[in-house]
Amino acid sequence: MGTVKRILARKAQRAVLTTTPHTLVYDAIAVIAEHGVGALVVTEEDEVVGIVTERDYLREVVLKDRSSRATPVETIMSRPVVTVDPNETIDRCMELMTSHRFRHLPVLEDGELVGVISIGDCVKQQVREHTAEIHFLHDYINGGPTVVRERAAERASQRG
Ligand code: AMP
């Protein structure tokens, strides 16, 4: 069964993007835009204290007519943060994100922030694993990859 570890191993964005509670929302959103991500983990002295996403900006800044240059991240971030362990299954992560209606999960290993996964990462990994399983079952039903290759060669030689 797929776990968070597999997603982290494949991710291009290895370093976890973080911000602090006192950073201005404008600067945090600039980092989000620059790196093409949807969320930043908020840390203070290496502790995860919140999470801020594009959605918080829309709901808490735009709709409330706040100024992003005068509002600190702590005003709009969510806390407490729901986190997962690298050994958590992808199924469980998807369940968590669906039931809480959010799309990001910071990953903590022994209390240390080691990654962030999104609902998109989970869907991609599930599709990869399901595709591999379908190929395996297909080969199995057809007598294994060797038999499949032999039968294909046989058909090709019959066609001349
Ligand atoms: P998202 O769908 O990830 O943009 O997040 C929707 C809302 O949930 C925003 O208010 C986020 O700050 C909050 N949120 C996102 N991820 C988490 C998380 N792992 N734990 C707690 N709140 C979160």
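Here is a walk through this structure, from two of its helices to its cores and then to its ligand. Keep in mind that what you're looking at is a predicted model.

Let's start with helix 2, which covers residues 25-35. Its buried residues are Val 25, Ala 28 and Ile 32. If you look down the axis of helix 2, these buried residues fall within an arc of 65 degrees, so they line one face of the helix. That fits a general rule: an α-helix has 3.6 residues a turn, so residues three or four places apart point the same way. Turn to the other side of helix 2 and you'll find Ala 33 and Glu 34, both exposed. And what lies over the buried residues? The cover includes strand 1 (18-19), strand 2 (39-44), strand 3 (47-53), helix 3 (54-62) and helix 4 (73-76). Just past the end of helix 2 comes Gly 36, with a positive phi of about 60 degrees.

Now jump along the chain to helix 5, residues 90-100. Ile 90, Cys 93, Leu 96 and Met 97 are its buried residues. They take up an arc of only 120 degrees around the axis, and this puts them on the same side of helix 5. Packed against these buried residues are helix 1, strand 4, strand 5 (112-118) and helix 6 (119-141). The face turned away from the buried side carries Thr 98 and Ser 99, which are exposed. Just after helix 5, Arg 101 takes a positive phi of about 60 degrees.

Those buried residues of helix 5 lead us to the cores. In soluble globular proteins, nonpolar side chains tend to be buried together. Here the largest nonpolar core has twelve residues, including Val 4, Ile 7, Leu 8, Val 84, Leu 105 and Ile 117. Helix 1 (4-10), helix 5 and strand 4 (104-109) each supply at least two residues of this core, and helix 5 gives the most, with four. Apart from this core lies another, of eleven residues, and among them are Val 25, Ala 28, Ile 32 and Leu 40.

For a closer view of the largest core, pick out Ile 7. Setting aside neighbours within four places in sequence, Ile 7 is in contact with Ile 90, Ile 117, Asp 121, Cys 122 and Gln 125. Thr 3 sits in the segment before helix 1. Is Thr 3 buried or exposed? With a relative accessibility of 18%, Thr 3 counts as buried. Not counting residues up to four places away in sequence, Thr 3 touches Pro 86, Asn 87, Glu 88, Thr 89 and Ile 90.

Over in strand 3 you'll find Val 48. Val 48 is partly exposed, because its relative accessible area is 23%. Beyond its neighbours within four places in sequence, Val 48 is in contact with Val 41, Val 42, Thr 43, Val 81, Leu 108 and Leu 113.

Last stop: the ligand. Among the residues around it are Ile 51, Thr 53, Arg 55, Asp 56, Val 82, Arg 103 and His 104. A nitrogen atom of the ligand lies 2.9 Å from a polar backbone atom of Val 82. Side chains take part too: an oxygen atom of the ligand is 2.7 Å from an N or O atom in the side chain of Arg 103, and an oxygen atom of the ligand is 2.6 Å from an N or O atom in the side chain of His 104. Taken alone, the ligand exposes 480 Å², and the protein buries 93% of that.

How values were computed
Residues numbered from 1 in each chain as written. Predicted model: local features only at pLDDT ≥ 70, side-chain atom pairs only at ≥ 80, totals over all residues. Heavy atoms only, no water. Buried < 20%, exposed > 50% of the residue type's maximum accessible area, 1.4 Å probe, protein only. Arc of directions from axis to C-beta. Contact = heavy atoms within 4.5 Å. Near = heavy atom within 4 Å. Polar contact = N/O pair within 3.5 Å; in protein donor to acceptor, adjacent residues only side chain to side chain. Areas by Shrake-Rupley, 256 points an atom, 1.4 Å probe, with all protein chains shown as cover. Core = buried A, V, L, I, M, F, W, Y, C linked by side-chain atoms within 4.5 Å.
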